[in-house]
Amino acid sequence: MKKHWYDYLWILSLAYLILGFFNILSAWLGLLCFFIPLIISFSKGTKGYCNRYCGRGQLFNLLGGRFGLSRRRDIPGWMKSRIFRYGFLLFFLIMFSLMLWNTLLVFSGARDLKQVVTLLWTFQVPWKWAYHGSALPLWAVQFAFGFYSVMLTSTILGIITMVLFKPRSWCVYCPMGTMTQLICKAKNGKA
């Protein structure tokens with residue numbers, strides 16, 4: 001099977017995680033993983049990003065498939081259910097809103113910069129080595145810490161489900177995948 005340029009986007013996903021470990025400001029690049037799927041689903045009415053261009057899905061496929069880190073079991077039915085997927089999307093949006101709220105607090109001067117990465121929305125891990133000062137305002141740095149937390153947490157959840165189930169099990173309940181699916185349904189008149 002012929003390889004295409006987009007078959008190597010997993011490298012960008014891995015590079016993103018590594019860069020954020022050393023320089024938190026690189027977390028802003030992760031916005032591409034938010035806007036590109038939305039643009040594709042709004043403009044084309046397809047989940048082309050998820051199916052072809054998602055570097056995270058490719059990374060899970062590589063680790064779970066090629067390297068055999070997956071048990072290759074079916075994901076439980078409750079994780080495929082609308083209630084779980086939409087509930088997880090809602091939870092994710094609430095956590096994203098809280099991240100934006102914290103950014104706004106730093107912007108307004110009501111809170112100081114918190115140089116922590118929050119894993120699984122609960123565990124705060126000091127991450128001071130990843131910020132060395134910049135010309136950017138502190139709110140932009142706070143956003144980077146929060147956004148990297150979201151991206152790292154979702155990657156951890158994806159790795160856990162990859163190990164326990166099939167390699168791309170994360171894709172079943174990925175908030176971006178659920179959101180783009182809703183957009184595609186609405187655009188194609190199936191909502």
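**Exercise 1.** Is K166 buried, partly exposed or exposed, and what is the relative accessible area of K166? Find also the salt-bridge partner of K166.

*Solution.* This is a predicted model, in which local features need pLDDT of at least 70 and side-chain atom pairs count only at pLDDT 80 or more, while totals for chains, interfaces and linings use all residues. Residues are numbered from 1 along each chain as its sequence is written, and side-chain values use heavy atoms, with hydrogens and water left out.

Step 1: K166 has a relative accessible area of 40% and is therefore partly exposed, given that buried means under 20%, exposed over 50% and partly exposed in between (1.4 Å probe, protein chains only).

Step 2: A search of the whole structure finds one salt bridge, a term for a side-chain nitrogen of Lys or Arg within 4 Å of a carboxyl oxygen of Asp or Glu. The side chains that meet in it are those of D74 and K166, at 2.7 Å from N to O.

Step 3: D74, with 52% relative accessibility, counts as exposed.

**Exercise 2.** Determine which side chain makes a polar contact with the side chain of R85, and how far away the nearest side chain of opposite charge lies.

*Solution.* Step 1: R85 is buried yet has no salt bridge, and D74, the nearest side chain of opposite charge (Lys and Arg count as positive, Asp and Glu as negative; His and the chain ends are not counted), is 15 Å away.

Step 2: The side chain of R85 instead makes a polar contact with the side chain of Q181 at 2.8 Å, where such a contact is a pair of N or O atoms within 3.5 Å, one able to donate a hydrogen and the other to accept it within protein, and residues adjacent in sequence count only if both atoms are side-chain atoms.
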